[in-house]
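I record here what I looked up in this structure, entry by entry. The order follows my own reading.

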Amino acid sequence: MPVKILMVCLGNICRSPLAEGILQSKLPKEKFIVDSAGTGDWHAGQQPDKRSVATARNRGLDITQQRARQIKTSDFDKFDYIYVMDASNYNNVVKLAPNTTAKEKVRLMMDALYPGENIEVPDPYFGGDDGFYNVYDMLDEACTIVADNLLKTHS
Ligand code: 4NP
């Protein structure tokens, strides 16, 4: 059975689609399934934000096949690890968790790189293109650590 990882942000159009694409690119597809979702449903069914698509494309990743969806309770059964981008995502996701085991699957993304420092991946939605490259670079660093740890744990 493949290991399943879910990346979560608010809208599932800016940060978590990048996180999905980046982590996927660092793991073998036969062993790991990476998906993403949002805590909100406003953008359900949409492609990632065009600025996320362009940022990914400039860094060599195609994320255009992704479609936004809202996280649901059954995701806690389906996924082994749930990574959230900020404290607000964390609170919203943990609120949905049906039990303690489910709650323990939820981790703050940047904790992989800076454990316990509560660093957030900032929401780039209302800013300029720079914000998207900053998000990409933060996620790329954190996903390198996450991928290394996953490969070690599930070898
Ligand atoms: P994301 O960014 O959570 O990184 O996908 C956002 C996308 C849309 C909105 C907020 C944040 N919005 O308010 O529609």
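**Entry 1. The loop before H1**

I began with Asn12, which I found in the loop between strand E1 (3-9) and H1. I asked whether Asn12 is buried or exposed. The model is a predicted one, and in it Asn12 has 2% relative accessibility, so I entered it as buried. The cut-off for that class is under 20% relative accessible area.

I then looked up the polar partners of Asn12. Its side chain forms a polar contact of 2.9 Å with the side chain of Ser16. A polar atom of the Asn12 side chain also lies 3.0 Å from the backbone nitrogen of Arg69. Setting aside residues up to four places away in sequence, I listed Pro17, Ser36, Ala37, Gly38, Arg67, Ala68 and Arg69 as touching Asn12.

I noted the backbone of Asn12 as well: its phi is positive, at about 60°, although Asn12 is not a glycine. Most residues other than glycine have a negative phi.

Leu10 lies in the loop between E1 and H1 too. Its relative accessibility is 31%, and I therefore entered Leu10 as partly exposed. The C-alpha atoms of Leu10 and Gly38 are separated by 4.7 Å, with their positions 28 residues apart along the chain. Beyond its neighbours within four places in sequence, Leu10 is in contact with Arg15, Gly38, Thr39, Gly40, Trp42, Asn89 and Asp123.

**Entry 2. H1 against H6**

I next examined how helix H1 (residues 15-25) meets helix H6 (residues 129-153): the packing angle is about 45°, and the axes are 9 Å apart. H1 and H6 are therefore oblique to each other. I recorded the crossing of H1 past H6 as right-handed.

Which residues make the contact? From H1 I listed Arg15, Leu18, Ala19, Ile22 and Leu23. From H6 I listed Phe132, Val135, Tyr136, Leu139, Asp140, Cys143, Val146, Ala147 and Leu150. Sorted by class, the contact of H1 with H6 holds twelve nonpolar, no polar and two charged residues.

**Entry 3. H2 against H6**

I repeated the reading for helix H2 (residues 50-58), which packs with H6 at an angle of about 55°, the axes being 10 Å apart. H2 is therefore oblique to H6. The crossing of H2 and H6 is right-handed.

On the H2 side I found Arg51, Ser52, Ala54, Thr55, Ala56 and Asn58 in the contact, and on the H6 side Asp129, Phe132, Tyr133 and Tyr136. By class I entered five nonpolar, three polar and two charged residues for the contact of H2 with H6.

I also checked burial along H2, where Arg51, Ser52, Val53, Thr55 and Ala56 are the buried residues. The buried residues of H2 pack against H1 and H6.

Both ends of H2 received a note. At the start of H2, a side-chain oxygen of Asp49 comes to within 2.8 Å of the backbone nitrogen of Arg51. Just after H2, Gly60 has a positive phi of about 95°.

**Entry 4. The loop before H6**

My last entry concerns Asn118, in the loop between strand E4 (106-108) and H6. Asn118 has a positive phi of about 55° although it is not a glycine. I asked whether Asn118 is buried or exposed. With a relative accessible area of 59%, Asn118 is exposed, whereas Asn12, at 2% relative accessibility, counts as buried.

Notes. Residues are numbered from 1 along each chain as its sequence is written. This is a predicted model: local features need pLDDT of at least 70, side-chain atom pairs count only at pLDDT 80 or more; totals for chains, interfaces and linings use all residues. Side-chain values use heavy atoms; hydrogens and water are left out. Axes are lines fitted to C-alpha atoms, for helices over the stretch in contact, and angles run from 0 to 180 degrees between N-to-C directions. Helices (H or I, at least four residues) and strands (E, at least two) are DSSP runs, numbered from the N terminus. Angles under 35 degrees count as roughly parallel, over 145 as roughly antiparallel, 65 to 115 as roughly perpendicular and the rest as oblique. A crossing is left-handed if the near helix is turned anticlockwise from the far one by less than a right angle, and right-handed if clockwise. Contact means heavy atoms within 4.5 Å. Ala, Val, Leu, Ile, Met, Phe, Trp, Tyr, Cys and Pro count as nonpolar, Asp, Glu, Lys and Arg as charged, and the others, Gly among them, as polar. Buried means under 20% relative accessible area, exposed over 50%, partly exposed in between (1.4 Å probe, protein chains only). A polar contact is a pair of N or O atoms within 3.5 Å; within protein, one must be able to donate a hydrogen and the other to accept it, and residues adjacent in sequence count only if both atoms are side-chain atoms.
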